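Visitor: Hi, I'm new to this one. Could you show it to me and walk me through it?

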Amino acid sequence: MISLLNQSLWRTQLYIGGEWTDADSGHTFAVNNPATGAIIAQVANGGASETRRAIVAADIAQRKWKNAPAKTRSQLLRKWFDLVVENQEDLAQILTLEQGKPLAEARREIAYGASYIEWFAEEAKRIYGDVIAPPDNGKRILVLKQPVGVVAAITPWNFPNAMLARKLAPAVAAGCSIVVKPAAQTPLSALALAVLAERAGIPAGVINIVCGEDVAAIGSELTQHPALRKLSFTGSTAVGKKLLQQCAAGVKKVTMELGGNAPFIVFDDADMDAAVAGAMASKFRNSGQTCVCANRFYIQAAVYDEFVAKISRVMSEELIAGDGFVESTTLGPLISPVAVEKARGLVADAVARGAVRKEIGQFALAEGLAKEYFYPPTLLLDVPPDAALCNEELFAPVVALIKFTHEEEVVALANATEFGLAAYFYSQNSARIWRLAEQLEVGMVGVNEGIISNEMAPFGGIKQSGWGREGSAYGMEDYVNIKYLCIGSIS
């Protein structure tokens, strides 16, 4: 267990209408540390009834919150940001305990999540409308932007702090109340954020957190309750499709940040050291459990052997698996044994089709760790393009290398997927940079860069990776409605 400086951040109850409450049934569910398998908390196990209560509380709060001055919303968000920064170490420790990522990574996630609160604190004052030239002098045309209403959000386990902040901040900034269902594997980070939001002065009912294992019951309320006007979801494409179907009956506004299968392309004119550094940053963050991490590595034939040699050396030197609370650890566990089995299956499929597998890195796990949660850092050489991992999201520390010859060939391979979230490529050819950036069928492209996400940029994908954008000025658009006013009898 951990020792927090601010013990009030450790919460295991639901947060509904400004009150901390147990589940109606009195039942709880266990949260475990994936590094050791140990149970760390028993959290209130909410369901449909608690979700309905949270929606009612949010609806009541919405009636006042939508009229709060933009400057008031901005100031409260800024106070919340300051409290998150002040409590960064405690929040990071909670995150590592329930999610498993190395503590240094957890600290970076807290800072990353806080950046969205800071950004939207500023954007709250910049929700501008328009005055449009009228068809005749007797009319005036105005466009207003108003809060969409009560929002539902479902967040994933891989970034339990940042993904929540990325949804909460724009909703609150726009004047929307919100009901959140965090992942059952990582509810403690969400509840800790709610503690700080409450302390910052955000009014009761504006933010509500419902934790629970009955995903179907909670999800049904969040997609079908008439008081809810919008759903924001981050998770798999398969689940996203089900939620879209459920939202269709109520024609609810949706933001979907779904699965990815990012190609990482290295051309023969690339800075090879920079390409390897970018590959390491993109692939091994959170042990490969990110929607934008590189999934398929396409290396041009002329530099294939050089890339293999360099990334093998860096993986050997830098990847150390273990408990996230051990300072030397750079590679934590996967979220569950099921995730480990999925990785094994995808790697086995690639090997059966002709790929060569090499385990590279320091994978001597210490005594007391839950070995069934860990997957060794793996290099797959000469992966055939028809391997299953070329079409499925691979949430594991696996580098799958595919050799290519021509630019046209690799563009076709990169685009041959239902996903379209992110892509990366390395080249020093300015003409190629423009060509490829425009031809890749994704929502985000990293050009000579392995880390692309930040609060000032629009995060989101195309094709079956979803729609809508989070972060940046564009991220506010999903939380407002446009109202057109036609004012007559002017002349």
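**A look around**

Guide: Let's start at one residue: outside its own stretch of four places either way in sequence, Thr-96 is in contact with Asn-33, Lys-101, Pro-102, Leu-103, Ala-106, Gly-324 and Phe-325. Keep in mind that this is a predicted model.

Visitor: Where does Thr-96 sit, and is Thr-96 buried or exposed?

Guide: Thr-96 belongs to helix α3, residues 88-99. Its relative accessibility is 1%, so Thr-96 counts as buried, the cut-off being under 20%.

Visitor: OK, new topic. Which residues touch the most other members in the largest nonpolar core?

Guide: Those are Trp-80, Val-84, Ile-207 and Ile-209, in a core of 94 residues.

Visitor: And what does Ile-207 touch?

Guide: Not counting residues up to four places away in sequence, Ile-207 touches Tyr-15, Trp-80, Leu-168, Val-172, Ile-178, Ala-197 and Ile-202. Another core, of 43 residues, lies apart from the largest one, and its members include Ala-270, Cys-291, Phe-297 and Ala-321.

Visitor: You mentioned Ala-197. Which helix is Ala-197 buried in?

Guide: That's α6, where Leu-196 and Ala-200 are among the other buried residues. In α6, 12 of the 14 residues are buried, so the helix is largely enclosed by the rest of the structure.

Visitor: How far apart are the end C-alpha atoms of α6?

Guide: They are 20 Å apart, which agrees with the 20 Å span expected for residues 187-200 at 1.5 Å a residue. Just after α6 comes Gly-201, with a positive phi of about 105°.

Visitor: Switching again: how much space lies in the largest pocket?

Guide: About 1,100 Å³. Its lining has 44 residues, and Trp-157, Phe-233, Gly-235, Ser-236 and Val-239 lie nearest the centre.

Visitor: Which element gives the largest share of that lining?

Guide: α8 does, with seven residues. By class, the pocket lining has 21 nonpolar, 14 polar and nine charged residues.

Visitor: How many cavities of 30 Å³ or more turn up?

Guide: Two, across the whole structure. The largest cavity holds about 80 Å³ of space, and its lining includes Tyr-112, Arg-166, Arg-285 and Cys-291.

Visitor: What about the second largest cavity's volume?

Guide: The second largest cavity has about 70 Å³. It is lined by 16 residues, and Pro-263, Ala-414, Phe-419, Glu-441 and Val-442 are the closest to its centre. β12, α12 and β17 each supply at least two residues of that lining.

Methods: Residues numbered from 1 in each chain as written. Predicted model: local features only at pLDDT ≥ 70, side-chain atom pairs only at ≥ 80, totals over all residues. Heavy atoms only, no water. Core = buried A, V, L, I, M, F, W, Y, C linked by side-chain atoms within 4.5 Å. Buried < 20%, exposed > 50% of the residue type's maximum accessible area, 1.4 Å probe, protein only. Contact = heavy atoms within 4.5 Å. 1 Å grid on protein atoms, 1.4 Å probe; cavity = no way out; pocket = protein on both sides within 12 Å on 5 of 7 lines; lining within 4 Å. Points joined across faces, edges and corners; volume = space filled by probe spheres on them. Helix = DSSP H or I, 4+ residues; strand = E, 2+ residues; numbered from the N terminus. Nonpolar A, V, L, I, M, F, W, Y, C, P; charged D, E, K, R; others polar. Expected span 1.5 Å × (residues − 1).
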